Amino acid sequence: MRENPADSRNRFKSRALLVGLLVLEAMIRAPAFTQGGFVSHDVAGILYSAMVFHDGGLPYVDTVELKAPGSFYLAWAFAGPDGRDIAKFQVIANLWAMCGTCLVFTMMTRARGILAGTVAGLVYTLQQPWLDSMDANYVTWANTLQVGAFAAVWRSPEAGASVRARAWLCAGLLAAAAALCRRQASFILIPLVWCAVVMPAGAACLPGLRRRRLVGLVLGGVAPFLAVFVHYASHGEGGAFVRAYGFNEWGWSYISAAGRGGSTLLEGCLATTFFLALPLGLVAPAAAGGLGRARRWGPLVVWLVSMVAAAWIGGRLYKGYFALTLAPAAMLSGAATATLVRSWRRGVRPGRLGRALALAVTMTVGVLSLRSGLLLEEVRAARHLPRDAGARRIASHVAAHTTPEDTIWVWGWHLWDLYPLAGRLAGSSIYKSLGVLTPANDDNWRSGARPLRFMESARSERLLRELRASRPRYIVLGSTVPHREFKALREHLRRAYARDRRVRVGRVEIWRLRDTRPAR
């Protein structure tokens, strides 16, 4: 059967536009491809867990850990042979993030046409590098997975909703993989279940179809968790994974210690408006032109609301939390814009008040677009600057005066980079101290944290026991941590260690173990 020339032209235009969007995003993300340092020091925790895997250990068993394990496995696979190549990990993470642009553009182009796909793709391209900071953090890996899960099963009413059974298996698998990278990404199950239950199957919903869809989601969702469980169970620690992922004491205390600020509802609304101003601004004028009557976009609305709710958990409302909300927001903005333009082409005109409102909001969208560009340029400029220069100096010194079998220990979020940079494991299972030796951080998206204070507990006693037993070659203390309040640690340092002043980085204290081994 001969192909329609119009369809061929549209396919060519859509592919050309997608390539253009990817080129634009690659240019935006250029600093992440060339400046291979740490942005968020949380990524050092990811690489450290990969180092633990490489050494034959298990996070949650050999370390006190809060985060979900999916990113640990990704670092183990992609961050070099020993799991600590931050430059390589950053490049792969940013390429992975660009896959989300392909999915958003393709979904909306198929659902609503080239205009909708272009608007959605452009909003996503301009906003996502700002929200994920062009970083290899947990949310970067989870986001594209949850977008892929939704893309596997969502179909617009115009295209029909016939989805093969294996697509629901794939959606469940991707959703579970996203949840393994970041627990809040598990909220993608809400719109997936909505699609399974509400979305029709062609002309009529066949008996038992909803049940088969839900079974496919469950079976697909079990597979990634089962794979991780089997890995831990093969070391006799299957229960450790279950407890750490689902019943993590550290995680629950982190969530309950919400960030400072006013009402969670008010702060959540303000943060959502701030971080999603551009896509929400595009939805508003188009909604006045008729999107509110288009109930077919229900799955996208459910997806957006679910991810906003996930971003609000804990009340901290950090910028990166809203990266999971952008795909549905961008797609709604594309759908809304296409709906408005098509209604105008059909001769449907809003009233005088509607036109005035549309004009005002359109002007606002222009301002928001300029604001988005400025925020993006700020992130690009910051991304060009290495944030780990001091840690690299210390790591170089530590690596030169230790052997690979030696251990070290650091206290301070900005010092976590030392573990992968120096290639040395920690001398304690407590390699991260925030929320363990000190209360959980109480900052939020617009308020700084209070000064840290030491919190004596069973874990601080455990740390001392492990440090005395392992005798780390170096102990490095950050300038913002309350190490002077930890009297027992200071006494241990005075007895067994000596200050090493050959490297000076701010007010960081570097302590070297006193022993008889010749200096290298």
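Let's start with the sheet. Four strands form an open sheet, in the order β1-β2-β4-β3, and the pairing is mixed. β1 and β3 are the edge strands, each pairing on one side only. On average, neighbouring strands of this sheet are turned by 20° against each other, direction ignored. Keep in mind that this is a predicted model.

A word on pairing in general. Strands of a sheet pair through backbone hydrogen bonds, and the pairing is either parallel or antiparallel. Here we have both cases. β1, residues 408-411, runs parallel to β2, with four bridges between them. β2 and β4 are also joined by four bridges, but in the antiparallel sense.

Now look at β2 itself, residues 474-477. Which residues sit on each side of this strand? Y474 and V476 are on one side, I475 and L477 on the other. Are they buried or exposed? All of them are buried, and both faces of β2 are covered.

Go through the partners. On the β1 side, I408 has Y474 as its bridge partner in β2. Next, W409 is matched with I475 of β2. On the β4 side, Y474 stands opposite R512.

Stay with Y474, please. Its side chain makes a polar contact of 3.1 Å with the side chain of D500. Where is D500? It lies in the loop between β3, residues 497-499, and β4, residues 509-513. Is D500 buried or exposed? Its relative accessibility is 5%, so D500 counts as buried. The cut-off for buried is under 20%.

What else does D500 touch? Leaving out neighbours within four places in sequence, the list is H397, Y474, I510, W511 and R512. Note R512 in that list. R512 is also the β4 residue that stands opposite Y474.

Now step back to the whole protein. The secondary structure comes to 21 helices and four strands. There are 520 residues, and 54% of them count as buried. Take contacts between residues at least 6 apart in sequence: 77% of these join residues at least 24 apart. The protein exposes about 23,300 Å², and carbon and sulfur atoms supply 62% of that area.

Next, the core. In soluble globular proteins, nonpolar side chains tend to be buried together. In this model, the largest nonpolar core has 146 residues. Which residues have the most contacts inside it? They are F89, W154, W303, I394, W409, W411 and L489. Helix α7, residues 138-153, gives the largest share of this core, with eleven residues. We have already met W409, the bridge partner of I475.

Take F89 from that core list. Not counting residues up to four places away in sequence, F89 touches V43, I46, L47, S71, L74, A75, A79, A136 and W141.

Last stop, W96. This tryptophan is in helix α5, residues 86-112. How does W96 count in terms of exposure? At 28% relative accessibility, W96 counts as partly exposed, because that value lies between the cut-offs of 20% and 50%.

What does W96 contact, beyond four places in sequence? T140, W141, T144 and L145. W141 is a name we know: F89 touches it too. T140 is 44 residues from W96 along the chain, yet their C-alpha atoms are separated by 7.9 Å.

To recap, with the model open on your screen. Find Y474 in β2, and follow the 3.1 Å polar contact to D500. Then go to W96 and look for its contacts, among them T140 and W141.

Key. Residues numbered from 1 in each chain as written. Predicted model: local features only at pLDDT ≥ 70, side-chain atom pairs only at ≥ 80, totals over all residues. Heavy atoms only, no water. Helix = DSSP H or I, 4+ residues; strand = E, 2+ residues; numbered from the N terminus. Buried < 20%, exposed > 50% of the residue type's maximum accessible area, 1.4 Å probe, protein only. Polar contact = N/O pair within 3.5 Å; in protein donor to acceptor, adjacent residues only side chain to side chain. Contact = heavy atoms within 4.5 Å. Pairing = 2+ DSSP bridges. Axes fitted to C-alpha atoms, helices over the stretch in contact; angles between N-to-C directions. Areas by Shrake-Rupley, 256 points an atom, 1.4 Å probe, with all protein chains shown as cover. Core = buried A, V, L, I, M, F, W, Y, C linked by side-chain atoms within 4.5 Å.
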